[in-house]
Amino acid sequence: MAIVKKCSHCGSILAEQYKFCTNCGSPDLQIEYVDENGLPETPPVGTVLNGQTVNSQSSGTHAAPEVKPAENVIAGTVGALLFGLLGAGIYFILYQLNIIAGVCGLVTFVLANFGYGLFSGNRQGSTLGVVISFIVMLVMIALAQYLCISYVVYDALKAEYDINFFDAVKATPEFLKDPEIKEPVMGDLVFAYIFGIIATVSAIFTNRKNKKAK
Ligand SMILES: [Zn+2]
């Protein structure tokens, strides 16, 4: 491997020591790496070439633009929904057990973001993935909270009225009109969302760090 200079103006190839083009006099010379046949060659990774650090093995001598991993957004969204549903299930169970279900805001986001990465093929973390996972978290926690109330309704009324869980799900909006039920439900929801937002913000910072590290 040898270093030569190529004139940006006329394209002449010059020896490394030249500061001006011997053909046209232009001072605008680009450093090029060539092999023994004078053909362009990829410089070693980490080489600073024309002010840019070479960070990948690719053809040509100029630092290639960073290749983004392919990302299937639709598959990623399906993954986020599937894993988000798991978070909703955990929320439902913790709620029944009287354990702080709010942490599932965080758990659901993390699961959804993981599901997005797994299904989209981009596991390095993507901004779009974070946004989709955040929306999935909002929807899944609201769904889980709704079903928790349905279950409370079902449990309270099943002996007296012979209803099934699905009847309770349908009747839940009526019960949510009662401020005494609605207010604590909203409180639980906000609590879970705070955890979800914490997870989202931390994912954004993690993604940025990963990008800078590259
Ligand atoms: Zn020239």
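Leaving aside residues up to four places away in sequence, which residues does Gly115 touch? The list is Gly79, Ala80, Leu82, Phe83 and Gly84. Keep in mind that this is a predicted model.

So what else is going on around this glycine? Gly115 sits in helix 2. With 27 other C-beta atoms within 10 Å, where 20 or more is enough to count, Gly115 is buried because it clears that cut-off. One of its contacts, Gly79, is 36 residues away along the chain, yet the two C-alpha atoms are separated by just 4.3 Å.

Zooming out, the chain has five helices and five strands. Reading from the N terminus, the order is β-β-β-β-β-α-α-α-α-α. There are 214 residues, and 28% of them count as buried. If you take the contacts between residues at least 6 apart in sequence, 55% of them join residues at least 24 apart.

Here are the helices with their residue ranges:

| Helix | Residues |
|---|---|
| Helix 1 | 73-96 |
| Helix 2 | 104-120 |
| Helix 3 | 127-161 |
| Helix 4 | 165-176 |
| Helix 5 | 179-213 |

Now for the largest nonpolar core. It has 33 residues, and the ones touching the most other members are Tyr91, Phe92, Ala112, Met137, Ile141 and Ala144. Helices 1, 2, 3 and 5 each put in at least two residues, with helix 3 giving the most at 14. Phe92 itself, neighbours within four places in sequence aside, is in contact with Ala144, Leu147 and Cys148.

Helix 3 also packs on helix 4. Their axes come within 8 Å and cross at roughly 105°, so the two helices count as roughly perpendicular to each other. On the helix 3 side the contact is made by Tyr146, Leu147, Ile149, Ser150, Val153, Tyr154 and Leu157, while helix 4 brings Phe165, Ala168, Val169, Ala171, Thr172, Phe175 and Leu176. Chemically, that splits into twelve nonpolar residues, two polar and no charged.

Last up is helix 5. Its 35 residues reach 50 Å from first C-alpha to last, close to the 51 Å expected at 1.5 Å a residue. Its buried residues are Asp188, Ala192, Phe195, Gly196, Ala199 and Thr200. What covers these buried positions includes helix 2 and helix 3.

Note on methods: Residues are numbered from 1 along each chain as its sequence is written. This is a predicted model: local features need pLDDT of at least 70, side-chain atom pairs count only at pLDDT 80 or more; totals for chains, interfaces and linings use all residues. Helices (H or I, at least four residues) and strands (E, at least two) are DSSP runs, numbered from the N terminus. The expected span of a helix is 1.5 Å times one less than its number of residues. A residue is buried if 20 or more other C-beta atoms lie within 10 Å of its own, exposed if 12 or fewer, and partly exposed in between; C-beta atoms are placed from the backbone. Two residues are in contact if their C-beta atoms, placed from the backbone, lie within 7 Å. Axes are lines fitted to C-alpha atoms, for helices over the stretch in contact, and angles run from 0 to 180 degrees between N-to-C directions. Angles under 35 degrees count as roughly parallel, over 145 as roughly antiparallel, 65 to 115 as roughly perpendicular and the rest as oblique. Ala, Val, Leu, Ile, Met, Phe, Trp, Tyr, Cys and Pro count as nonpolar, Asp, Glu, Lys and Arg as charged, and the others, Gly among them, as polar. A nonpolar core is a set of buried Ala, Val, Leu, Ile, Met, Phe, Trp, Tyr and Cys residues joined through C-beta atoms within 7 Å.
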